[in-house]
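User: I've got this protein open in my viewer and want to talk through how its parts fit together. Can you take a few questions on it?

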Amino acid sequence: MGRTYNFSAGPASLPIEVLNQAAEEMTDYQGSGMSVMEMSHRSKIFVDVAAQAEADLRELMGVSDEYHVLFLQGGATGQFAGIPLNLTQAGDTIDFIETGAWSKKAVKEAKKYCNVNVAASSADSNFDHIPDQSAWQLSDNARLLHICSNETIGGVQFKNFPSSSVPIAVDMSSDILSRPVDVNNFGLIYAGAQKNIGPAGLTVVIVRKDLCGNARDITPTFLDYAQQADNDSMINTPPTYGWYLAGLVFKWIKEKGGVEAIEAQNNAKAALLYGAIENSNFYSSPVAAGNRSTMNVPFTLADSALDAEFVKQAEARSMFNLKGHRSVGGMRASIYNAVSLEAVQALVSFMSEFENERG
Ligand SMILES: Cc1ncc(COP(=O)(O)O)c(C=O)c1O
């Protein structure tokens, strides 16, 4: 089988140019006679790979010297614990906006370590929107406000970020590098790599330096931001190959014209797919119009009995991983940076064909 159209929510499609370059360099990275996978993380050649990746990410996102950029392990899930353990003391409060399955998990984990105030939640409507900021019940004494910029399962995305008197910690796992963001609006940005950055196993944390250095005594050393920053994210052996691949992805984004150009492409893909859903009586989006994600597009069929047939026919046309999450039902097309416009065009044309036949 050749390359498929891969609509996986994560681990997800990676740019073919990146995979080809990695393949070329697999056994002999730049004349070193070894794979990046086989090198000491302390070697000059790998330290250069790591530093270049950080420099490129800083450039792409406009990250100032007031922030650490850390390349860690443990996934975004690790940061659900890392955030309270680094940025709060027992008894402190974090305000959470609960907009889907992932922010709900962040709430559950934080409760082990600090007070949690769910200032707003859309759980009552199966996480189909982002509650309006005017209705948020923020606490007076919160240390942080936590949001998830894009809910991967529900397909709900913040289009504008809130203003806040306390630092905002944002889970950007599924939309980092998909659009420009002003990093200075945030105290901390974190993301598991396996959607827009690279392979699973790497977690990026961008954190304001002045917020670090007060981790609790019990904080596992590898989750301690200040200690990781002091050690260039190498307290223990880092995920070297993932870091290298992330660096190739950052270069790829730069070659595409940076995050602005990627955003234009993402908007075009999303407009095409949502347009197809809107213009049909057969497909519908469960998400409120103003909060629809440009990255994860859930949609339902008029008759759920046709779901399995839709998936089967899509696969016959080389379109994979379209089955929706069980909590939402229907389908979900994840159209991250590396998913081409051509893939979305193929999907939209199949959707129309399927509707004409079965709708
Ligand atoms: C928005 C969001 N947050 C957190 C996670 C959990 O990430 P990880 O599996 O890397 O711990 C995911 C899923 O990958 C996600 O999509």
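Analyst: Sure, this is a predicted model, and we can go through the ligand shell, the domains, the helix packing and a couple of backbone details.

User: Let's start with the ligand: which helix gives the largest share of the shell around the ligand?

Analyst: The residues around the ligand are Gly10, Gly75, Ala76, Thr77, Trp102, Cys148, Thr152, Asp171, Ser173, Ser174 and Gly192. Gly75, Ala76 and Thr77 are in that list, and residues 75-87 form one helix. With three residues, the largest share comes from helix H3.

User: And how many residues of that shell are charged?

Analyst: Three residues of the shell are nonpolar and seven are polar. Asp171 is among the residues around the ligand, and Asp counts as charged. The number of charged residues in the shell is one.

User: Something odd sits by Gly10, I think. What is the peptide bond from Gly10 to Pro11, cis or trans?

Analyst: Pro11 is in the loop between strand E1 (5-6) and helix H1 (16-24). Omega for the bond from Gly10 to Pro11 is near -10 degrees. That peptide bond is cis.

User: Which elements give two or more residues to the side of domain 1 that touches domain 2?

Analyst: Domain 1 covers 16-255 and domain 2 covers 258-358, with their C-alpha centres 27 Å apart. Across the boundary, 23 residues of domain 1 are in contact with 24 residues of domain 2. On the domain 1 side, the elements that give two or more residues are strand E7 (156-157) and helix H6 (240-256).

User: What about the chemistry there: how many residues on the side of domain 1 that touches domain 2 are polar?

Analyst: Sorting that side by class gives eight nonpolar residues and six charged ones. The polar count for the side of domain 1 that touches domain 2 is nine.

User: On to helix packing. How does H2 lie against H6, oblique or parallel?

Analyst: The axes of helix H2 (residues 44-61) and H6 come within 9 Å and cross at roughly 40 degrees. Angles under 35 degrees count as roughly parallel, so H2 is not in that class and its arrangement relative to H6 is oblique.

User: Which hand does the crossing of H2 and H6 have, left or right?

Analyst: On the H2 side, the contact includes Phe46, Val49 and Leu57, and on the H6 side it includes Trp243, Tyr244 and Phe250. By class, eleven residues of this contact are nonpolar, three polar and three charged. The crossing of H2 past H6 is left-handed.

User: H1 packs on H6 too. Which hand does that crossing have, left or right?

Analyst: H1 and H6 pack at about 135 degrees with their axes 9 Å apart, so they are oblique to each other. Glu17, Val18, Gln21 and Ala22 of H1 meet Leu245, Leu248, Val249 and Trp252 of H6, a set with six nonpolar, one polar and one charged residues. The crossing of H1 past H6 is right-handed.

User: How do H7 and H9 run, parallel or perpendicular?

Analyst: The axes of helix H7 (residues 258-278) and helix H9 (residues 341-358) come within 10 Å. Among the residues that meet are Leu272 and Leu273 in H7 and Leu347 and Val348 in H9, and by class the contact has nine nonpolar, three polar and one charged residues. The crossing angle is roughly 0 degrees, so H7 and H9 are roughly parallel.

User: Last one: what is the phi of Asn126?

Analyst: Asn126 is in the loop between strand E4 (115-121) and strand E5 (142-148). Although Asn126 is not a glycine, its phi is positive, at about 50 degrees.

Definitions and conventions. Residues numbered from 1 in each chain as written. Predicted model: local features only at pLDDT ≥ 70, side-chain atom pairs only at ≥ 80, totals over all residues. Near = placed C-beta within 6 Å. Helix = DSSP H or I, 4+ residues; strand = E, 2+ residues; numbered from the N terminus. Domains from an automatic or database assignment. Contact = placed C-beta atoms within 7 Å. Axes fitted to C-alpha atoms, helices over the stretch in contact; angles between N-to-C directions. Parallel < 35°, antiparallel > 145°, perpendicular 65-115°, else oblique. Left-handed = near helix turned anticlockwise from the far one by under 90°.
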